[in-house]
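Colleague: I should like to learn how to read helix packing and the nonpolar core in a model of this kind. May we proceed feature by feature?

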Amino acid sequence: MRKEIELQNTSVFNDKNIKTPECINILVNLIYLLNQGETFSDQEKENLFFSVSKLLHSANYSLRRLIFLFVKHLNWWQNSFILTGSLITEINKSEENVLKPNCFRLLGQIIDMSSVSVVERLLKVAISNQNADIASSAMICTLFMVFKGFNVAKSWISEISDKLTTSIGQENLLTFHTLLLLKQIKENDKLFLIKIYSKLGDNSSSKSQFARCQLIRYISEIMRKEELETNVVN
């Protein structure tokens with residue numbers, strides 16, 4: 001019953017004069033329903049997507065941020081090119097450093113081949129950003145793209161490795177996300193990975209608990225593989 005009420009309320013998204021507080025309240029309620037496991041049909045998701053898309057150019061920062069969060073929870077990408085364009089515009093023009101990380105994380109999930117070249121240029125700049133949240137989110141976005149089979153980031157190894165080194169003393173997720181990305185890109189280059197892991201292992205100033213835990217997993221993985229290879233040879 002509540003879902004039907006909220007779906008009816010979304011008609012305000014089409015009003016000529018947008019009432020921002022009302023739109024924000026509706027989006028919050030819809031996100032709540034999605035998180036509670038409420039199911040929406042494909043037609044309902046399509047209608048919601050296009051209704052919400054009309055608000056993407058709102059001047060209200062809080063509303064735009066909530067729109068991207070809602071679309072992420074909606075998980076309907078059939079017309080992702082519409083959202084991709086808005087996300088790229090937001091990254092290029094927005095001065096809000098809080099919103100850009102959200103844009104990068106969502107881009108990684110919806111990106112397709114037609115937008116790879118544009119997004120790749122944005123990511124190369126973003127991974128060197130002094131803002132840890134932006135750089136970390138750019139790493140996540142790149143990681144998603146690599147998982148999808150897009151040949152990106154291999155030419156940025158030096159920049160990514162530098163970011164790993166400079167982030168060691170920071171108490172955030174940047175070191176962890178950078179470590180994940182390097183492992184994925186260079187998974188067939190064992191010597192490179194051992195060098196990176198040794199460098200991190202020798203640096204006692206690392207403040208990222210997530211990175212230290214992941215480093216232990218990766219070192220253990222290499223040791224198991226070497227043991228298996230040794231057993232095969234013998």
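Colleague: Is the crossing of helix 9 and helix 10 left-handed or right-handed?

Modeller: This is a predicted model. The crossing of helix 9 with helix 10 is left-handed.

Colleague: Which residues make that contact?

Modeller: Helix 9 contributes Ile 157, Ile 160, Ser 161, Lys 163 and Leu 164, while helix 10 contributes Leu 174, Thr 175, Thr 178, Leu 179, Leu 181, Leu 182 and Ile 185. Sorted by class, the contact comprises 8 nonpolar, 3 polar and 1 charged residues.

Colleague: What describes two packed helices?

Modeller: Two packed helices are described by the angle between their axes and by the distance between those axes. Here the axes of helix 9 (residues 157-166) and helix 10 (residues 174-185) come within 9 Å and cross at roughly 145 degrees.

Colleague: Which residues have the most contacts inside the largest nonpolar core?

Modeller: They are Phe 70, Leu 83, Met 145 and Ile 160, in a core of 72 residues. Helix 8 (residues 132-147) supplies the largest share of this core, 9 residues.

Colleague: What does Leu 83 touch, leaving aside residues up to four places away in sequence?

Modeller: Leu 83 touches Phe 49, Leu 56, Phe 68, Val 71, Trp 77, Leu 106 and Ile 110.

Colleague: Why is Gly 85 classed as partly exposed?

Modeller: Partly exposed lies between the cut-offs of 20% and 50% relative accessible area. Gly 85 is placed in that class because its relative accessible area is 33%. Gly 85 belongs to helix 5 (residues 80-93), and its C-alpha atom is 8.7 Å from that of Ser 115, 30 residues apart along the chain.

Conventions:
Residues are numbered from 1 along each chain as its sequence is written. This is a predicted model: local features need pLDDT of at least 70, side-chain atom pairs count only at pLDDT 80 or more; totals for chains, interfaces and linings use all residues. Side-chain values use heavy atoms; hydrogens and water are left out. Helices (H or I, at least four residues) and strands (E, at least two) are DSSP runs, numbered from the N terminus. Buried means under 20% relative accessible area, exposed over 50%, partly exposed in between (1.4 Å probe, protein chains only). Axes are lines fitted to C-alpha atoms, for helices over the stretch in contact, and angles run from 0 to 180 degrees between N-to-C directions. A crossing is left-handed if the near helix is turned anticlockwise from the far one by less than a right angle, and right-handed if clockwise. Contact means heavy atoms within 4.5 Å. Ala, Val, Leu, Ile, Met, Phe, Trp, Tyr, Cys and Pro count as nonpolar, Asp, Glu, Lys and Arg as charged, and the others, Gly among them, as polar. A nonpolar core is a set of buried Ala, Val, Leu, Ile, Met, Phe, Trp, Tyr and Cys residues joined through side-chain atoms within 4.5 Å.
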